[in-house]
Amino acid sequence: SENSSEEAETADVSEASAGEAEWQSGSISSDSSEYSDWTADAGIDLQPPKRQTRLRTRKYCSSSEDDNTKEEKGTVKKRKKSKRVKRKKPNGLLCSEGELCEEWLPPPWILETVPRRSPYVPQMGDEVIYFKQGHEAYVRAVRKAKIYSVNLQKQPWNRMELREQELAKIIGIKYEAGPPTLCCLKLALLDPISCRMTEESFSLKYHDMPDVLDFLVLHQFYVEAKERNWQAGDNFRSIIDDAWWFGTVSSQQPLQFEYPDSLFQCYNVRWDTDETEKMSPWDMEPV
């Protein structure tokens, strides 16, 4: 009837006005979470995904299409609702059983609750010795195995002058979801004499890899190891894979001649199994 038609038109006009008001009043926030600027230096993108604002749209049709639109309106709504119910998570996150795939789970070295010397799990405020050659070895291993993309130009030794080993303090920690899950650190260089923070800092990211040694060592472990002054013929023990291994120091020699003063893997040792290997002093304990 005419009255019902007029009421429908009035409702449509009101809805259109409300839609226009919502459009005009709606705004997309340009503010983002305040992450420290060091992530950009390391080429680490830790920004959360930006939420897309979905604006209401209204389809205009001619009077001849109006009846067909009203009949199909209920069907359209049902179809939209069914899409929301059937929304799937990105491929690769879930296994066939519906559980999170193993490669997306946090790695054991991050979840470790028992203190261990290796692998090193960083904490805010830790004072560590950073070994440049150890970090270089890690980057080479990652690139060789093609574990994730590494930008060599953004590595700290290509952005600033670094000695073979540097005293530093951890002033920033972030974790980048995997696979693999990466630990992203910001380190402030400390003066080796006064141990006070300097104005220089750098960033890096890494994860625990089999057969790749830690290139970050707690400062107190480094000092203790340096004071031992191992000599040829000294017996020692080392814990590897939760088991004690025993051996004898054969000689001291730099791992790489371009780093003559570095203690990183500077000892040639012979295990009781008659195997030989390079070891770092902080991984050795007197018997």
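**Two Open Sheets in a Predicted Model**

Good morning. I begin with an open sheet of five strands, arranged in the order β9-β8-β7-β6-β10, in which the pairing is antiparallel. Strands β9, residues 276-279, and β10, residues 285-286, stand at the edges; each has a single partner strand, so one side of each is left without a neighbour in the sheet. For those new to the subject, the strands of a sheet pair through backbone hydrogen bonds, and the pairing may be parallel or antiparallel.

Please bear in mind that what we are viewing is a predicted model. The protein chain contains six helices and ten strands. Of its 287 residues, 31% count as buried. Among contacts in the chain with a separation of 6 or more, 56% come from residues 24 or more positions apart.

Let us stay with this sheet and look at its pairs of strands. Strands β6 and β7 are joined in the antiparallel sense over six bridges. Within that pair, Ser-238 is opposite Trp-245 of β7. The hairpin of β6 and β7 has two residues between the strands, and Asp-241 there adopts a positive phi near 55 degrees.

On to β7 and β8. Strand β7 covers residues 243-252 and strand β8 covers residues 267-271; their antiparallel pairing extends over five bridges. Here Ser-251 faces Asn-268 in β8. The loop between β7 and β8 contains Gln-265. Is Gln-265 buried or exposed? With a relative accessibility of 16%, Gln-265 counts as buried, because the limit for that class is under 20%. If we set aside neighbours within four places in sequence, Gln-265 makes contact with Leu-213, Gln-253, Leu-255, Lys-278, Met-279 and Ser-280.

I turn now to the other sheet. This open sheet, also of five strands, has the order β4-β3-β2-β1-β5 with antiparallel pairing. Its edge strands are β4, residues 197-206, and β5, residues 216-218, each of which pairs on one side only. From one strand to the next, the twist averages 40 degrees.

Strand β3, which spans residues 182-190, pairs with β4 in the antiparallel sense over seven bridges. As one example, Lys-186 has Ser-203 in β4 as its bridge partner. Helix α5, residues 132-145, packs on this sheet and touches β1 (127-131), β3 and β4; the direction of α5 makes about 65 degrees with that of β1.

A further helix to consider is α6. Comprising residues 219-228, α6 lies across β1, β2 (165-176) and β5, and runs at about 80 degrees to β5. Which residues of α6 are buried? They include His-219, Tyr-222 and Ala-225. Viewed down the axis of α6, the buried residues fall within an arc of 130 degrees, so they line one face of the helix. The elements that cover these buried residues include β1, β2 and β5.

After α6 comes Asn-229, which has a positive phi, near 55 degrees. The loop between α6 and β6 (235-240) also holds Gln-231. With a relative accessibility of 42%, Gln-231 counts as partly exposed. The C-alpha atoms of Gln-231 and Thr-248 are separated by 9.5 Å, and these residues are 17 residues apart along the chain.

One residue of β1 deserves a closer look, namely Phe-131. The relative accessibility of Phe-131 is 0%, so this residue counts as buried. What does Phe-131 touch, leaving aside its neighbours within four places in sequence? Its contacts are Glu-164, Gln-165, Phe-215, Val-217, Tyr-222, Ser-262, Phe-264 and Trp-282. Among these is Tyr-222, already named as a buried residue of α6. In addition, the C-alpha atoms of Phe-131 and Glu-166 are separated by 6.7 Å, although the two are 35 residues apart along the chain.

Finally, I come to the interior space. How many cavities of 30 Å³ or more does the structure hold? There is one, and the volume of the largest cavity is about 130 Å³. It is lined by 13 residues, of which the closest to its centre are Tyr-206, His-207, Leu-213, Asp-214 and Phe-215. Two of these names have appeared before: Leu-213 is in contact with Gln-265, and Phe-215 is in contact with Phe-131.

Thank you for your attention.

Methods:
Residues are numbered from 1 along each chain as its sequence is written. This is a predicted model: local features need pLDDT of at least 70, side-chain atom pairs count only at pLDDT 80 or more; totals for chains, interfaces and linings use all residues. Side-chain values use heavy atoms; hydrogens and water are left out. Two strands pair if DSSP finds at least two bridges between them. Helices (H or I, at least four residues) and strands (E, at least two) are DSSP runs, numbered from the N terminus. Axes are lines fitted to C-alpha atoms, for helices over the stretch in contact, and angles run from 0 to 180 degrees between N-to-C directions. Contact means heavy atoms within 4.5 Å. Buried means under 20% relative accessible area, exposed over 50%, partly exposed in between (1.4 Å probe, protein chains only). The arc is that of the directions from the helix axis to the C-beta atoms. On a 1 Å grid over the protein atoms alone, a cavity is a set of points where a 1.4 Å probe fits but cannot get out, and a pocket is an open set with protein on both sides within 12 Å along at least five of seven lines; lining residues have an atom within 4 Å of a point. Grid points are joined across faces, edges and corners, and a volume is the space filled by probe spheres set on the points.
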